[in-house]
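Trainee: Got a minute to go through this model with me? I'd like to look at the empty spaces and then at one of the helices.
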Amino acid sequence: MINKLVLAATLAVASLTAIAKPIALDENSISPLLNGHEIPDVTLTTVEGKAINLKELVSQKNTMFFFYRGGWCPFCNVQMGQLQAIEPKLIEMGIQLVGISPDSPEKLQASMTKNKLNYLLLSDEKMSAAQAFGLAFYTSDKVTNLYQAKLGVSNTLHKTPAGEARLVLPVPAIYLSDKTGLIQFMYANPNYKVRAAPELILMAASLVE
């Protein structure tokens with residue numbers, strides 16, 4: 001009985017730790033979830049304002065999550081188009097495609113219309129999913145000011161440990177999960193200009209049972 005209580009407490013602490021991962025000081029300092037880890041218990045918002053829990057979502061079918069910086073990012077828009085092109089093949093494999101970004105539901109709707117997307121987009125305005133996956137990082141003061149002034153990024157600013165207000169973004173990433181919530185494949189690159197090729201994604205998807 002005691003062992004069961006200890007195990008339950010340990011799992012609870014582990015779950016809490018996963019959700020409360022700190023925001024990295026820069027994109028090269030992230031500590032992303034890896035293959036073999038479980039999808040975090042995080043609830044996000046759809047375009048319609050409906051709450052969706054990621055663990056419940058993956059329990060329905062194998063899922064590919066892709067984290068992107070926002071509809072303002074040209075590299076993200078290119079990737080969204082590439083994923084739209086291969087979505088029919090993913091569906092044939094029994095995989096649902098889900099995009100996650102800091103964009104508000106309204107901005108997600110704009111991205112869906114602009115890029116003619118059919119797949120699900122979820123709003124992570126509070127960066128809860130990006131933090132739980134270990135992808136969230138503070139941008140530099142220079143980048144924060146540049147993105148606000150030149151690209152019109154209006155995301156909520158977060159205070160760094162030093163008390164400075166900065167934008168927090170996710171490192172672009174791909175995660176493939178089976179229906180148990182187990183991560184079977186992941187790709188995260190601190191260089192936002194480099195994304196996983198569609199061919200690599202399809203190959204990884206074909207190996208998920």
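Trainee: How much space lies in the second largest pocket?
Mentor: About 180 Å³. Keep in mind that this is a predicted model.
Trainee: OK, and which residues lie nearest its centre?
Mentor: Glu 27, Phe 137, Val 143, Tyr 147 and Tyr 192, out of 14 lining residues. Strand S6 (136–138), helix H6 (141–150) and strand S9 (168–170) each give two or more residues to that lining.
Trainee: How does the lining divide into nonpolar, polar and charged?
Mentor: Ten residues are nonpolar, two are polar and two are charged.
Trainee: What about closed spaces, how many cavities of 30 Å³ or more are there?
Mentor: One. The volume of the largest cavity is about 40 Å³, and its lining has six nonpolar residues, two polar and one charged. Among the residues that line it are Gln 79, Tyr 187 and Arg 195.
Trainee: Switching to H3: why does its length look right?
Mentor: Helix H3 covers residues 74–92, and at 1.5 Å a residue its 19 residues should span 27 Å; the end C-alpha atoms are 28 Å apart, so the two agree.
Trainee: Where is the kink in H3?
Mentor: At Ile 86, shortly before the proline Pro 88, and the kink is about 45°. Ile 86 is also one of the buried residues of H3, as is Gln 79.
Trainee: What do those buried residues pack against?
Mentor: Strands S3 (62–67), S4 (95–101) and S10 (173–177), plus helices H4 (105–115) and H7 (198–206).
Trainee: And what follows H3?
Mentor: Gly 94, with a positive phi near 80°.

Definitions and conventions: Residues are numbered from 1 along each chain as its sequence is written. This is a predicted model: local features need pLDDT of at least 70, side-chain atom pairs count only at pLDDT 80 or more; totals for chains, interfaces and linings use all residues. Side-chain values use heavy atoms; hydrogens and water are left out. On a 1 Å grid over the protein atoms alone, a cavity is a set of points where a 1.4 Å probe fits but cannot get out, and a pocket is an open set with protein on both sides within 12 Å along at least five of seven lines; lining residues have an atom within 4 Å of a point. Grid points are joined across faces, edges and corners, and a volume is the space filled by probe spheres set on the points. Ala, Val, Leu, Ile, Met, Phe, Trp, Tyr, Cys and Pro count as nonpolar, Asp, Glu, Lys and Arg as charged, and the others, Gly among them, as polar. Helices (H or I, at least four residues) and strands (E, at least two) are DSSP runs, numbered from the N terminus. The expected span of a helix is 1.5 Å times one less than its number of residues. The bend at a residue is the angle between axes fitted to the seven residues ending there and the seven starting there. Buried means under 20% relative accessible area, exposed over 50%, partly exposed in between (1.4 Å probe, protein chains only). Contact means heavy atoms within 4.5 Å.
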